[in-house]
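Work through the exercises below with the sequence and the structure open. Try each task before reading its solution.

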Amino acid sequence: MAKYYSQTHEWAEIDGDEAVVGVSAYAAKELGDITYVELPKMRSDVIVGDSVGVVESVKAASDVYSPLSGTVNEINKNLEDDPGLVSNSPEEKGWMYRLENIDPDELEDLMSEEDYAKYLKTL
């Protein structure tokens, strides 16, 4: 499965014709201990760049932007009880939602893992 990143620090891992989405390890580290996660609504249609949720920590609150367009077909309900999963495992157990009906052409506007690592060095 290929993983892509946005400049706003969200990731999308492509799984067939779906994408699993979350915030990057860099974003989670910058936010600190995450205390609350607002997830998108099930079956909602999102467009690239839409604010789809919020991640709150002891330091700050940050909007989460969708890196791809599609329809939300699953949310990570574990985050309701344990928002710290985003802090502790942002790119595995701390995923936020899944999208179906994604447009593969939109991946061209995202960065590969290697390109994202280079991008982080410029910040």
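**Exercise 1. Classify Glu-74, then follow its charge partner.**

Task: Is Glu-74 buried, partly exposed or exposed? Which side chain does Glu-74 meet in a salt bridge?

Solution.
- Step 1. This is a predicted model. Take the relative accessibility of Glu-74, which is 34%.
- Step 2. Apply the cut-offs: buried is under 20%, exposed is over 50%, and partly exposed lies in between. Glu-74 therefore counts as partly exposed.
- Step 3. Look for the partner. The side chain of Glu-74 meets that of Arg-98 in a salt bridge, at 3.3 Å from N to O.
- Step 4. Place both ends. Glu-74 sits in strand E8 (residues 70-75) and Arg-98 in strand E9, 24 residues apart, and the pair links distant parts of the chain.

**Exercise 2. Build the network around Arg-98.**

Task: Which residues do shared salt-bridge partners join into one network with Arg-98?

Solution.
- Step 1. Start with the accessibility of Arg-98. The value is 19%, so Arg-98 counts as buried.
- Step 2. Add Glu-18. The closest N and O atoms of Arg-98 and Glu-18 are 3.3 Å apart, a salt bridge. Glu-18 lies in strand E3 (residues 18-23) and Arg-98 in strand E9, so this pair ties together parts that are 80 residues apart in sequence.
- Step 3. Add Asp-15. Its side chain forms a salt bridge with Arg-98 at 3.6 Å, N to O. Arg-98 belongs to strand E9 (residues 97-100) and Asp-15 to strand E2 (residues 10-15), so the pair ties together parts that are 83 residues apart in sequence.
- Step 4. Check the exposure of Asp-15. With a relative accessible area of 31%, Asp-15 is partly exposed.
- Step 5. Recall the Glu-74 pair, again with Arg-98. Through shared partners, salt bridges join Asp-15, Glu-18, Glu-74 and Arg-98 into one network.
- Step 6. Set this against the total. The structure holds 6 salt bridges. As background, side chains of opposite charge can pair when their charged atoms come close.

**Exercise 3. Work out the order of an open sheet.**

Task: In what order do the 3 strands of the open sheet stand? Which strands stand at the edges?

Solution.
- Step 1. Pair E4 with E6. They run antiparallel over 4 bridges. For a point of reference, Ile-34 stands opposite Ser-57 in E6.
- Step 2. Pair E6 (residues 51-57) with E7. Here 5 bridges join the antiparallel strands. Val-54 has Asp-63 in E7 as its bridge partner. A hairpin of 3 residues joins E6 to E7.
- Step 3. Read off the order: E4-E6-E7, with antiparallel pairing.
- Step 4. Find the edges. E4 (34-38) and E7 (61-65) each have a single partner strand, so one side of each lacks a neighbour in the sheet. From one strand to the next the twist averages 20°.
- Step 5. Check the cover on E6. Of its 7 residues, 5 are buried, so to speak of E6 as mostly covered uses the cut-off of under 20% relative accessible area.

**Exercise 4. Locate Ile-47.**

Task: Is Ile-47 buried or exposed? Which residues beyond four places in sequence is Ile-47 in contact with?

Solution.
- Step 1. Find the loop. Ile-47 lies between strand E5 (45-46) and E6.
- Step 2. Take its relative accessibility. The value is 54%, so Ile-47 counts as exposed.
- Step 3. List the contacts, leaving aside neighbours within four places. They are Ser-66, Leu-68 and Ser-69.
- Step 4. Compare sequence with space for one pair. Ile-47 and Leu-68 are 21 residues apart in sequence, and their C-alpha atoms are 6.4 Å apart.

**Exercise 5. Test the whole chain for compactness.**

Task: What radius of gyration does the protein have, and what would a compact globule have?

Solution.
- Step 1. Count the elements. The protein has 4 helices and 10 strands. From the N terminus they run β-β-β-α-β-β-β-β-β-α-α-β-β-α.
- Step 2. Compare radii. A compact globule of 123 residues would be near 14 Å; the protein has 13 Å, which agrees.
- Step 3. Add the extents. The C-alpha trace spans about 35 × 35 × 20 Å along its principal axes.
- Step 4. Add burial. Buried residues make up 50% of the 123 residues.
- Step 5. Look at contacts with a separation of 6 or more. Residues 24 or more positions apart account for 61% of them.
- Step 6. Finish with the surface. The protein exposes about 6,700 Å², and carbon and sulfur atoms supply 45% of it.

Methods
Residues are numbered from 1 along each chain as its sequence is written. This is a predicted model: local features need pLDDT of at least 70, side-chain atom pairs count only at pLDDT 80 or more; totals for chains, interfaces and linings use all residues. Side-chain values use heavy atoms; hydrogens and water are left out. Two strands pair if DSSP finds at least two bridges between them. Helices (H or I, at least four residues) and strands (E, at least two) are DSSP runs, numbered from the N terminus. Axes are lines fitted to C-alpha atoms, for helices over the stretch in contact, and angles run from 0 to 180 degrees between N-to-C directions. The radius of gyration is taken over C-alpha atoms; the globule rule is 2.2 Å times the number of residues to the power 0.38. Buried means under 20% relative accessible area, exposed over 50%, partly exposed in between (1.4 Å probe, protein chains only). Contact means heavy atoms within 4.5 Å. Accessible areas come from the Shrake-Rupley method with a 1.4 Å probe; for residues, only the protein chains shown count as cover. A salt bridge is a side-chain nitrogen of Lys or Arg within 4 Å of a carboxyl oxygen of Asp or Glu.
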